[in-house]
Amino acid sequence: MSNAVTYELIHQDTRTRARRGRITTPHGTIETPVFMPVGTQATVKAMKPEDVEATGAEIILGNTYHLYLRPGEDIVREAGGLHKFMNWNRPILTDSGGFQVFSLGKFRKITEEGVTFKSYIDGSKHMMRPETSIDIQNALGADIIMAFDECVEYEAEKPYVVRSLERTTRWLKRCKDHHQNTEQQSLFGIMQGGMFKDLRRISAEQIVDLDLPGYAIGGLSVGEPKDIMLDVLDDCVDYLPKEKPRYLMGVGTVDYLFEGVERGVDMFDCVLPTRLARHGVAMTSHGNVNIKNAVHQRDFSTLDPECDCYVCRNYSRAYLRHLFKSNEILSSMLLSEHNIHFLVNMMKNIRKSIEEDRFVEYKKEFYDKYGEF
Ligand SMILES: N#Cc1ccc(CCNc2nc3cc4nc(N)[nH]c(=O)c4cc3[nH]2)cc1
Ligand SMILES: [Zn+2]
């Protein structure tokens, strides 16, 4: 049975594990390394799809947990799937609900069968099994669907992490057996194992054995200190097959994107750029700019002199500050568009630096300009 999603390695950096590649999906190709904007409830918040497209974004995320609770997968299926429903005709990846159930729902209990939880919307009780998550993702129709897993919280005890990763592997087998739509949608497995490198290796061996089209590194970016995250990442990227995409879930700060690329990660996602935007924070080549600060009141210069996005070409910091202070909807729209453009463009420049074997130099140049993280 052929896979919907395939990966080709285009160039391996000669001095680091950074690599340039291309993912092919039924809705188009994705140049990697790639940052994927998050569209949790069938929209990248405060942005029209054509504006998301204009940033150069090639793939966005949807969330099984949110769309199951509202509007319900049946409505999305009847609309012709998530692409049609939200008018996004490029690739989509849906997260499985694993992380959201644990981090959002007041979850009641986890058993071998699945997870019972309470809806964050109306407190109603629900049960999500691996098979349920696959059924929902099949109805949504994303090109890449994620396995239903348990994202273990930071500082979980090792014995619990072992039991959890073993169950996550059993759930992955159930997801794979239940997922029939492999020519239109590719299932990615998710590595767990907490902050324990030996458990990460065990998890990777178990999930790679299932020979899936791609793999994610889960269970990170869950509040652990940066040095621990990078130490775990140092080893666990290489536990995954070189010939398939490697996806680090929930990462979207400038430094973690560079550090992940340097270690061979191909795909990243995070709500950070759009959430920062709604709080009046712009990501720029000279660090974050908090637009509400008084210093910008009469600053008629552009947000980021090194950005060529629509926002930076047409609006001043003074105007953007006015919009935010006035609680205007346009504030979130413009800052979100800039922040997504900033990260997508940064990844485009990273890809170019890898092709030209100057990723190390580009990272240093970017860090020197950006200031402290
Ligand atoms: N603003 C903001 C902001 C909000 C949250 C975060 C942390 C995101 N971290 C994160 N997302 C994840 C999704 C995940 N999905 C699944 N299915 N499994 C994971 O282990 C997993 C781990 C994750 N870790 C980072 C920035
Ligand atoms: Zn801009």
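**Exercise 1. Find how many salt bridges the structure holds, and look at one that links distant parts of the chain.**

Step 1. Begin with the term: a salt bridge is a side-chain nitrogen of Lys or Arg within 4 Å of a carboxyl oxygen of Asp or Glu.

Step 2. With that rule, the structure holds 29 salt bridges. Keep in mind that this is a predicted model, where local features need pLDDT of at least 70, side-chain atom pairs count only at pLDDT 80 or more, and totals for chains, interfaces and linings use all residues. Residues are numbered from 1 along each chain as its sequence is written, chains are lettered from A and ligands numbered from 1 in the order in which they are written, and side-chain values use heavy atoms, with hydrogens and water left out.

Step 3. Now pick out R15 and E361, whose closest N and O atoms are 2.7 Å apart. R15 lies in the loop between strand 1 and strand 2, while E361 belongs to helix 15 (residues 359-370), and 346 residues separate the two. Helices (H or I, at least four residues) and strands (E, at least two) are DSSP runs, numbered from the N terminus.

**Exercise 2. Describe how domain 1 and domain 2 meet.**

Step 1. Locate the parts: domain 1 covers 6-270 and domain 2 covers 271-373, with bounds from an automatic or database domain assignment. Their centres, taken over C-alpha atoms, are 26 Å apart.

Step 2. Look at who takes part. Domain 1 brings 36 residues to the contact and domain 2 brings 32, where contact means heavy atoms within 4.5 Å.

Step 3. Turn to the area. About 3000 Å² is buried between domain 1 and domain 2, 70% of it on carbon and sulfur atoms. Buried area is the accessible area (1.4 Å probe) that two parts lose on being put together, summed over both.

Step 4. Check the charged pairs. Four salt bridges are counted between the two domains. R20 and E355 form a salt bridge too, with their closest N and O atoms 2.6 Å apart.

Step 5. Ask which element of domain 1 gives the most to the side that touches domain 2. Helix 10 does, with seven residues.

**Exercise 3. Locate the residues that UniProt lists as "binding site".**

Step 1. The unreviewed UniProt entry lists C307, C309, C312 and H338. UniProt positions are given in the numbering used here, feature names are shortened, and annotations may be inferred rather than shown by experiment.

Step 2. Compare sequence with space: these residues spread over 32 residues of sequence, yet they cluster, the largest C-alpha distance being 8.4 Å.

Step 3. Place one of them: C309 sits in the loop between strand 16 (287-290) and helix 12 (310-314).

**Exercise 4. Find backbone spots that go against the usual pattern.**

Step 1. Recall the background: most residues other than glycine have a negative phi, and most peptide bonds are trans.

Step 2. The peptide bond from T32 to P33 is cis, with omega near 0°, and P33 is in the loop between strand 3 and strand 4.

Step 3. The bond from R70 to P71 is cis as well, with omega near 15°. P71 is in the loop between helix 2 (64-69) and helix 3 (73-78).

Step 4. Finally, N327 has a positive phi, near 60°, and lies in the loop between helix 13 (317-325) and helix 14 (329-355).
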